[in-house]
Amino acid sequence: MADGAEYGHIAVGVDGSPLSRAALLWAAREAELRKCTLDVVYGWQVSTEPRPPGDWAGVAPPLEAYQEQAEQRLRDIVAEVLPAGVNCELNVHAVHKPAGRALLTFCPVADLIVIGSKPHGRLAAWLLGSVSDDTLKNASCTVVVVRPRAEGSGSDPDRHVRAPTGRPGFPGG
């Protein structure tokens, strides 16, 4: 930036869904352009996380086992979506909180939060809640919502964002 100010971090919520992967790709590109740190965040809870493998002798696995499993899942997603890595600092955070709350913990250091969101009807949003709604209502920094392309837009409906071309690790590179 011209005045010497640096950008804060970019935090992106990732749960493995196609839209969260698109949000990760968008956030990675933006972090490279801004030359700032990218924090990849996955909020998890014991009630929704698969039971970690291992012999737990009939008792519940320790939280550390769930934490390690969540971190590894997130690292695997990052490696899959960004196989060539990124040209910025990247940190992976599996946070033992609901997804929206996990993302909001990054507001003090983030200039930007990026999330993927598929619109739901009112009943589904009321029953399931909405990470994007929670984040939009409570974030103290800018929030970017990556949405699927509108039907009938003439483009591939499974392609949510366009990656930069001509660079290794990105389509066309």
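**Chain organisation, helix packing and cysteine environment**

Among contacts in the protein chain between residues at least 6 apart in sequence, 70% join residues at least 24 apart. The model analysed here is a predicted one, and its protein chain comprises 5 helices and 5 strands, which follow one another from the N terminus in the order β-α-β-α-β-α-β-α-α-β. Of the 173 residues in the protein chain, 38% are buried.

Helix H2, which spans residues 63–81, was examined for the regularity of its length. At 1.5 Å a residue, the 19 residues of H2 should span 27 Å, and the end C-alpha atoms of the helix are 27 Å apart, in agreement with that expectation. The buried residues of H2 are Ala65, Tyr66, Gln67, Gln69, Ala70, Leu74, Ile77, Val78 and Val81. In an α-helix there are 3.6 residues a turn, so residues three or four places apart point the same way. The cover over the buried residues of H2 includes helix H1 (18–34), together with strand E2 (38–43) and strand E3 (90–95).

The packing of H1 against H2 was then considered. The two helices pack at an angle of about 65°, and their axes are 10 Å apart; because angles of 65 to 115 degrees count as roughly perpendicular, H1 is described as roughly perpendicular to H2. The crossing in which H1 passes H2 is right-handed. On the H1 side, the residues in contact are Arg21, Leu24 and Leu25, and these meet Ile77, Val78, Glu80 and Val81 of H2. Of these H2 residues, Ile77, Val78 and Val81 are among those that are buried.

The structure holds 0 disulfides. Cysteine 36 takes part in no disulfide, the nearest cysteine sulfur being that of cysteine 88 at 6.6 Å, and cysteine 36 is buried, with a relative accessible area of 6%. Cysteine 107 is likewise in no disulfide, and the nearest cysteine sulfur, belonging to cysteine 141, is 4.0 Å away. Because a disulfide is assigned to cysteine sulfur atoms within 2.5 Å, the separation of 4.0 Å for cysteine 107 does not qualify. With a relative accessibility of 9%, cysteine 107 also counts as buried.

Threonine 48, by contrast, is located in the loop between E2 and H2, and at 60% relative accessibility this residue counts as exposed. The C-alpha atom of threonine 48 is separated by 9.7 Å from that of proline 98, although the two residues are 50 residues apart along the chain.

Technical notes. Residues numbered from 1 in each chain as written. Predicted model: local features only at pLDDT ≥ 70, side-chain atom pairs only at ≥ 80, totals over all residues. Heavy atoms only, no water. Helix = DSSP H or I, 4+ residues; strand = E, 2+ residues; numbered from the N terminus. Expected span 1.5 Å × (residues − 1). Buried < 20%, exposed > 50% of the residue type's maximum accessible area, 1.4 Å probe, protein only. Contact = heavy atoms within 4.5 Å. Axes fitted to C-alpha atoms, helices over the stretch in contact; angles between N-to-C directions. Parallel < 35°, antiparallel > 145°, perpendicular 65-115°, else oblique. Left-handed = near helix turned anticlockwise from the far one by under 90°.
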